[in-house]
Amino acid sequence: MSDGVVGIGYVELFAASALMLVAGLVSWKLELGQTRRIAVSSVRCFVQLLAAGFLLTYLFEYQTWWLVGLVLAAMVVAATQIATSRVKNRIPGLALSVFLSLLVSSTAIGFIVVEGVIHADPWYNARQVIPIVGMIMGNAMSSVAVAVDRLFSDLDARADEMFSLVALGATPGEAAAPSLKAAIGAGMTPVLANMSAAGIVTFPGMMTGQLLAGADPVAAAKYQIVVMLMLSAANTVAIVMASYLTYRKRFAPDGYYLDKGLRG
(Lines give C-alpha, C1' and ligand atoms only; values in the text may rest on other atoms or scores of the structure.)
Protein backbone atom coordinates (compact mmCIF):
# COMPACT_ATOMS: atom_id res chain seq x y z
CA MET A 1 0.00 0.00 0.00
CA SER A 2 1.42 3.41 -1.04
CA ASP A 3 -0.04 6.86 -0.36
CA GLY A 4 -3.39 5.34 0.57
CA VAL A 5 -3.59 3.27 -2.62
CA VAL A 6 -3.84 -0.50 -2.33
CA GLY A 7 -1.14 -1.93 -4.57
CA ILE A 8 -1.88 -4.63 -7.17
CA GLY A 9 0.90 -7.07 -7.96
CA TYR A 10 1.62 -8.29 -11.47
CA VAL A 11 0.51 -11.82 -10.51
CA GLU A 12 -2.89 -10.50 -9.39
CA LEU A 13 -3.06 -8.25 -12.43
CA PHE A 14 -2.60 -11.07 -14.92
CA ALA A 15 -4.87 -13.35 -12.90
CA ALA A 16 -7.59 -10.74 -13.33
CA SER A 17 -7.40 -11.35 -17.07
CA ALA A 18 -9.42 -14.50 -16.40
CA LEU A 19 -12.43 -12.19 -16.12
CA MET A 20 -12.31 -11.75 -19.89
CA LEU A 21 -12.99 -15.47 -20.24
CA VAL A 22 -16.63 -14.66 -19.50
CA ALA A 23 -16.94 -12.58 -22.67
CA GLY A 24 -14.81 -15.07 -24.62
CA LEU A 25 -16.93 -18.05 -23.60
CA VAL A 26 -20.15 -16.22 -24.47
CA SER A 27 -18.75 -15.28 -27.88
CA TRP A 28 -17.59 -18.84 -28.53
CA LYS A 29 -20.77 -20.51 -27.29
CA LEU A 30 -23.14 -18.24 -29.22
CA GLU A 31 -20.83 -18.11 -32.27
CA LEU A 32 -20.74 -14.32 -32.24
CA GLY A 33 -17.43 -14.14 -34.06
CA GLN A 34 -16.01 -11.77 -31.44
CA THR A 35 -13.44 -14.08 -29.84
CA ARG A 36 -10.47 -12.66 -31.71
CA ARG A 37 -11.63 -9.11 -31.10
CA ILE A 38 -11.98 -9.81 -27.37
CA ALA A 39 -8.47 -11.22 -27.20
CA VAL A 40 -6.96 -8.30 -29.14
CA SER A 41 -8.85 -5.74 -27.06
CA SER A 42 -7.68 -7.36 -23.83
CA VAL A 43 -4.03 -7.36 -24.92
CA ARG A 44 -4.28 -3.75 -26.11
CA CYS A 45 -5.83 -2.75 -22.79
CA PHE A 46 -2.91 -4.30 -20.86
CA VAL A 47 -0.19 -2.89 -23.10
CA GLN A 48 -1.64 0.61 -23.54
CA LEU A 49 -2.49 1.21 -19.89
CA LEU A 50 0.82 -0.12 -18.58
CA ALA A 51 2.70 1.93 -21.17
CA ALA A 52 0.66 4.98 -20.15
CA GLY A 53 1.54 4.32 -16.50
CA PHE A 54 5.28 4.26 -17.25
CA LEU A 55 4.99 7.34 -19.49
CA LEU A 56 3.10 9.30 -16.85
CA THR A 57 5.65 8.33 -14.21
CA TYR A 58 8.34 9.95 -16.34
CA LEU A 59 6.12 12.91 -17.26
CA PHE A 60 5.19 13.68 -13.64
CA GLU A 61 8.86 13.74 -12.67
CA TYR A 62 10.31 15.66 -15.61
CA GLN A 63 7.33 17.70 -16.80
CA THR A 64 7.69 20.80 -18.96
CA TRP A 65 4.92 22.76 -20.65
CA TRP A 66 5.95 21.63 -24.12
CA LEU A 67 6.14 17.96 -23.11
CA VAL A 68 2.65 18.14 -21.60
CA GLY A 69 1.46 19.86 -24.79
CA LEU A 70 3.01 17.12 -26.92
CA VAL A 71 1.21 14.41 -24.94
CA LEU A 72 -2.10 16.27 -25.25
CA ALA A 73 -1.60 16.64 -29.01
CA ALA A 74 -0.97 12.90 -29.35
CA MET A 75 -4.12 12.22 -27.33
CA VAL A 76 -6.23 14.41 -29.64
CA VAL A 77 -4.84 12.70 -32.75
CA ALA A 78 -5.57 9.24 -31.31
CA ALA A 79 -9.06 10.29 -30.19
CA THR A 80 -9.78 11.68 -33.66
CA GLN A 81 -8.78 8.41 -35.31
CA ILE A 82 -10.91 6.35 -32.94
CA ALA A 83 -13.95 8.64 -33.24
CA THR A 84 -13.87 8.72 -37.05
CA SER A 85 -13.46 4.94 -37.23
CA ARG A 86 -16.73 4.55 -35.32
CA VAL A 87 -18.72 6.59 -37.83
CA LYS A 88 -20.40 4.21 -40.28
CA ASN A 89 -20.94 6.79 -43.00
CA ARG A 90 -18.03 7.62 -45.30
CA ILE A 91 -17.56 11.38 -45.01
CA PRO A 92 -14.63 13.06 -46.80
CA GLY A 93 -12.75 15.53 -44.61
CA LEU A 94 -14.40 14.31 -41.40
CA ALA A 95 -11.13 13.91 -39.50
CA LEU A 96 -10.26 17.62 -39.49
CA SER A 97 -13.71 18.60 -38.16
CA VAL A 98 -13.56 15.97 -35.42
CA PHE A 99 -9.99 16.97 -34.54
CA LEU A 100 -10.94 20.62 -34.12
CA SER A 101 -14.04 19.84 -32.06
CA LEU A 102 -12.11 17.54 -29.70
CA LEU A 103 -9.14 19.91 -29.43
CA VAL A 104 -11.21 23.00 -28.60
CA SER A 105 -13.67 21.34 -26.22
CA SER A 106 -11.10 19.26 -24.32
CA THR A 107 -8.43 21.90 -23.87
CA ALA A 108 -10.79 24.84 -23.20
CA ILE A 109 -12.96 23.10 -20.58
CA GLY A 110 -9.98 21.17 -19.21
CA PHE A 111 -7.91 24.25 -18.49
CA ILE A 112 -10.92 26.09 -17.04
CA VAL A 113 -11.28 23.26 -14.50
CA VAL A 114 -7.54 22.93 -13.87
CA GLU A 115 -7.03 26.66 -13.37
CA GLY A 116 -10.37 27.78 -11.99
CA VAL A 117 -11.34 24.85 -9.77
CA ILE A 118 -8.27 22.76 -8.93
CA HIS A 119 -5.79 25.69 -9.09
CA ALA A 120 -2.92 23.62 -10.48
CA ASP A 121 0.60 24.90 -9.80
CA PRO A 122 2.17 25.28 -12.30
CA TRP A 123 -0.66 25.69 -14.81
CA TYR A 124 0.68 22.79 -16.91
CA ASN A 125 0.98 20.39 -13.94
CA ALA A 126 0.75 17.02 -15.67
CA ARG A 127 -0.73 15.27 -12.62
CA GLN A 128 -3.85 17.42 -12.98
CA VAL A 129 -3.90 18.38 -16.67
CA ILE A 130 -3.45 14.95 -18.28
CA PRO A 131 -6.11 13.02 -16.30
CA ILE A 132 -8.66 15.86 -16.52
CA VAL A 133 -8.24 16.45 -20.25
CA GLY A 134 -8.10 12.68 -20.82
CA MET A 135 -11.47 12.16 -19.11
CA ILE A 136 -13.02 14.97 -21.12
CA MET A 137 -11.58 13.76 -24.41
CA GLY A 138 -12.62 10.14 -23.88
CA ASN A 139 -16.22 11.11 -23.27
CA ALA A 140 -16.29 13.73 -26.02
CA MET A 141 -14.80 11.24 -28.48
CA SER A 142 -17.65 8.77 -27.98
CA SER A 143 -20.32 11.48 -28.03
CA VAL A 144 -18.98 13.05 -31.21
CA ALA A 145 -18.95 9.67 -32.98
CA VAL A 146 -22.58 9.06 -31.95
CA ALA A 147 -23.68 12.56 -32.96
CA VAL A 148 -21.96 12.60 -36.36
CA ASP A 149 -23.20 9.11 -37.23
CA ARG A 150 -26.74 10.08 -36.22
CA LEU A 151 -26.50 13.34 -38.18
CA PHE A 152 -25.64 11.75 -41.51
CA SER A 153 -27.98 8.79 -41.04
CA ASP A 154 -30.81 11.24 -40.37
CA LEU A 155 -29.88 13.42 -43.34
CA ASP A 156 -29.87 10.40 -45.65
CA ALA A 157 -33.19 9.16 -44.24
CA ARG A 158 -34.64 12.58 -45.06
CA ALA A 159 -33.10 12.71 -48.56
CA ASP A 160 -36.36 13.29 -50.44
CA GLU A 161 -37.36 15.97 -47.94
CA MET A 162 -33.95 17.59 -48.28
CA PHE A 163 -34.22 17.76 -52.08
CA SER A 164 -37.66 19.38 -51.77
CA LEU A 165 -36.64 21.89 -49.11
CA VAL A 166 -33.60 23.04 -51.06
CA ALA A 167 -35.63 23.24 -54.29
CA LEU A 168 -38.12 25.48 -52.49
CA GLY A 169 -35.32 27.86 -51.48
CA ALA A 170 -34.25 26.61 -48.06
CA THR A 171 -30.61 27.12 -47.10
CA PRO A 172 -28.52 24.06 -46.15
CA GLY A 173 -28.74 25.12 -42.49
CA GLU A 174 -32.53 25.39 -42.62
CA ALA A 175 -32.93 22.07 -44.42
CA ALA A 176 -30.56 20.25 -42.07
CA ALA A 177 -31.89 21.83 -38.84
CA PRO A 178 -34.07 18.85 -37.75
CA SER A 179 -31.17 16.45 -38.31
CA LEU A 180 -28.77 18.71 -36.41
CA LYS A 181 -31.15 18.84 -33.45
CA ALA A 182 -31.57 15.05 -33.47
CA ALA A 183 -27.80 14.49 -33.66
CA ILE A 184 -26.94 16.93 -30.88
CA GLY A 185 -29.66 15.46 -28.68
CA ALA A 186 -28.43 11.91 -29.28
CA GLY A 187 -24.86 12.89 -28.44
CA MET A 188 -25.86 14.60 -25.19
CA THR A 189 -28.05 11.75 -23.91
CA PRO A 190 -25.35 9.39 -22.48
CA VAL A 191 -23.62 11.95 -20.25
CA LEU A 192 -26.96 13.32 -19.00
CA ALA A 193 -28.06 9.76 -18.17
CA ASN A 194 -24.81 9.21 -16.26
CA MET A 195 -25.38 12.42 -14.31
CA SER A 196 -28.86 11.25 -13.32
CA ALA A 197 -27.54 7.87 -12.13
CA ALA A 198 -24.45 9.18 -10.31
CA GLY A 199 -24.53 8.51 -6.59
CA ILE A 200 -27.63 6.31 -6.81
CA VAL A 201 -26.85 3.59 -9.34
CA THR A 202 -23.15 4.20 -9.97
CA PHE A 203 -20.10 5.72 -8.30
CA PRO A 204 -18.19 7.15 -11.28
CA GLY A 205 -14.46 6.77 -11.88
CA MET A 206 -13.12 9.89 -10.19
CA MET A 207 -15.07 9.30 -6.97
CA THR A 208 -14.30 5.58 -6.92
CA GLY A 209 -10.58 6.20 -7.42
CA GLN A 210 -10.45 8.71 -4.59
CA LEU A 211 -12.42 6.45 -2.25
CA LEU A 212 -10.06 3.55 -2.97
CA ALA A 213 -7.15 5.89 -2.22
CA GLY A 214 -8.67 6.72 1.18
CA ALA A 215 -10.04 10.19 0.45
CA ASP A 216 -12.86 11.74 2.45
CA PRO A 217 -16.17 10.67 0.81
CA VAL A 218 -17.58 14.21 0.78
CA ALA A 219 -14.39 15.58 -0.83
CA ALA A 220 -14.53 12.77 -3.39
CA ALA A 221 -18.17 13.61 -4.12
CA LYS A 222 -17.26 17.28 -4.73
CA TYR A 223 -14.59 16.27 -7.24
CA GLN A 224 -17.03 13.96 -8.99
CA ILE A 225 -19.64 16.74 -9.27
CA VAL A 226 -17.05 18.97 -10.96
CA VAL A 227 -16.11 16.11 -13.30
CA MET A 228 -19.70 15.41 -14.33
CA LEU A 229 -20.37 19.10 -14.97
CA MET A 230 -17.20 19.54 -17.01
CA LEU A 231 -18.02 16.43 -19.09
CA SER A 232 -21.47 17.77 -19.85
CA ALA A 233 -20.08 21.14 -20.93
CA ALA A 234 -17.24 19.68 -23.01
CA ASN A 235 -19.49 17.10 -24.69
CA THR A 236 -21.96 19.82 -25.66
CA VAL A 237 -19.23 22.01 -27.15
CA ALA A 238 -17.66 19.08 -29.03
CA ILE A 239 -20.98 17.77 -30.38
CA VAL A 240 -22.21 21.16 -31.55
CA MET A 241 -18.88 21.98 -33.19
CA ALA A 242 -18.59 18.60 -34.93
CA SER A 243 -22.19 18.69 -36.16
CA TYR A 244 -22.03 22.21 -37.57
CA LEU A 245 -18.58 21.68 -39.08
CA THR A 246 -19.65 18.51 -40.92
CA TYR A 247 -23.28 18.80 -42.05
CA ARG A 248 -22.35 20.92 -45.09
CA LYS A 249 -20.42 17.94 -46.46
CA ARG A 250 -23.77 16.56 -47.68
CA PHE A 251 -24.35 19.74 -49.69
CA ALA A 252 -22.77 21.11 -52.85
CA PRO A 253 -21.06 24.52 -52.66
CA ASP A 254 -24.17 26.10 -54.28
CA GLY A 255 -26.39 24.65 -51.53
CA TYR A 256 -27.95 21.62 -53.25
CA TYR A 257 -28.23 18.34 -51.37
CA LEU A 258 -25.88 15.74 -52.85
CA ASP A 259 -27.28 12.47 -54.11
CA LYS A 260 -25.23 9.35 -53.36
CA GLY A 261 -23.71 9.27 -56.82
CA LEU A 262 -22.38 12.84 -56.50
CA ARG A 263 -20.64 12.52 -53.14
CA GLY A 264 -16.86 12.55 -52.95
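Which helices are included in what covers the buried residues of α4? The legends below take up this question and others, using a predicted model.

**View 1. The whole chain is built from helices and has no strands.**
The chain holds ten helices and zero strands. Read along the sequence, the pattern is α-α-α-α-α-α-α-α-α-α. The C-alpha atoms fill a box of roughly 70 × 50 × 40 Å along the principal axes. The chain has 264 residues, and 34% of them count as buried. Take the contacts between residues at least 6 apart in sequence: 71% of these join residues at least 24 apart.

**View 2. The surface of the chain exposes about 15300 Å².**
Carbon and sulfur atoms supply 68% of this exposed area. The chain also carries 17 positive and 15 negative charges. The mean positions of these two sets of charges lie 7 Å apart.

**View 3. Helix α4 has buried residues covered by other helices.**
The cover over the buried residues of α4 includes α3, α5 and α6. The buried residues of α4 are Leu67, Val68, Val71, Leu72, Val76, Ala79, Thr80 and Ala83. An α-helix has 3.6 residues a turn, so residues three or four places apart point the same way. Does the length of α4 agree or disagree with the expected span? With 21 residues at 1.5 Å a residue, α4 should span 30 Å. Its end C-alpha atoms are 31 Å apart, which agrees.

**View 4. The largest nonpolar core brings together 49 residues.**
Val148, Met230 and Phe251 touch the most other members of this core. Several elements give two or more residues to the core: α4 (65–85), α5 (94–118), α6 (126–157), α7 (159–167), α8 (172–197) and α10 (217–246). Helix α6 gives the most, with 14 residues. In soluble globular proteins, nonpolar side chains tend to be buried together.

**View 5. Phe251 is among the core residues that touch the most other members.**
Which residues does Phe251 contact, leaving aside its neighbours within four places in sequence? They are Met162, Val166, Pro172, Ala175, Ala176, Tyr256, Tyr257 and Leu258.

**View 6. Ser243 is a buried residue in helix α10.**
How buried is Ser243? Its relative accessible area is 0%. Buried means under 20%, so Ser243 falls within that class. Leaving aside neighbours within four places in sequence, Ser243 is in contact with Ala147, Leu151, Leu180, Ala183 and Ile184.

**View 7. The loop between α5 and α6 holds Pro122 and His119.**
The peptide bond from Asp121 to Pro122 is cis, and its omega is near 0 degrees. In this loop, His119 has a phi near 60 degrees. That is a positive value in a residue other than glycine. Most residues other than glycine have a negative phi, and most peptide bonds are trans. Is His119 buried or exposed? His119 is exposed, with a relative accessible area of 55%.

**View 8. Glu31 sits in the loop between α2 and α3.**
The loop lies between α2 (20–29) and α3 (35–61). Glu31 has a phi near 55 degrees, a positive value in a residue other than glycine. Is Glu31 buried or exposed? Glu31 is exposed, with a relative accessible area of 71%.

Technical notes: Residues numbered from 1 in each chain as written. Predicted model: local features only at pLDDT ≥ 70, side-chain atom pairs only at ≥ 80, totals over all residues. Heavy atoms only, no water. Helix = DSSP H or I, 4+ residues; strand = E, 2+ residues; numbered from the N terminus. Buried < 20%, exposed > 50% of the residue type's maximum accessible area, 1.4 Å probe, protein only. Contact = heavy atoms within 4.5 Å. Areas by Shrake-Rupley, 256 points an atom, 1.4 Å probe, with all protein chains shown as cover. Lys, Arg positive; Asp, Glu negative; His and termini not counted. Charge placed at Lys NZ, Arg CZ, Asp CG, Glu CD. Core = buried A, V, L, I, M, F, W, Y, C linked by side-chain atoms within 4.5 Å. Expected span 1.5 Å × (residues − 1).
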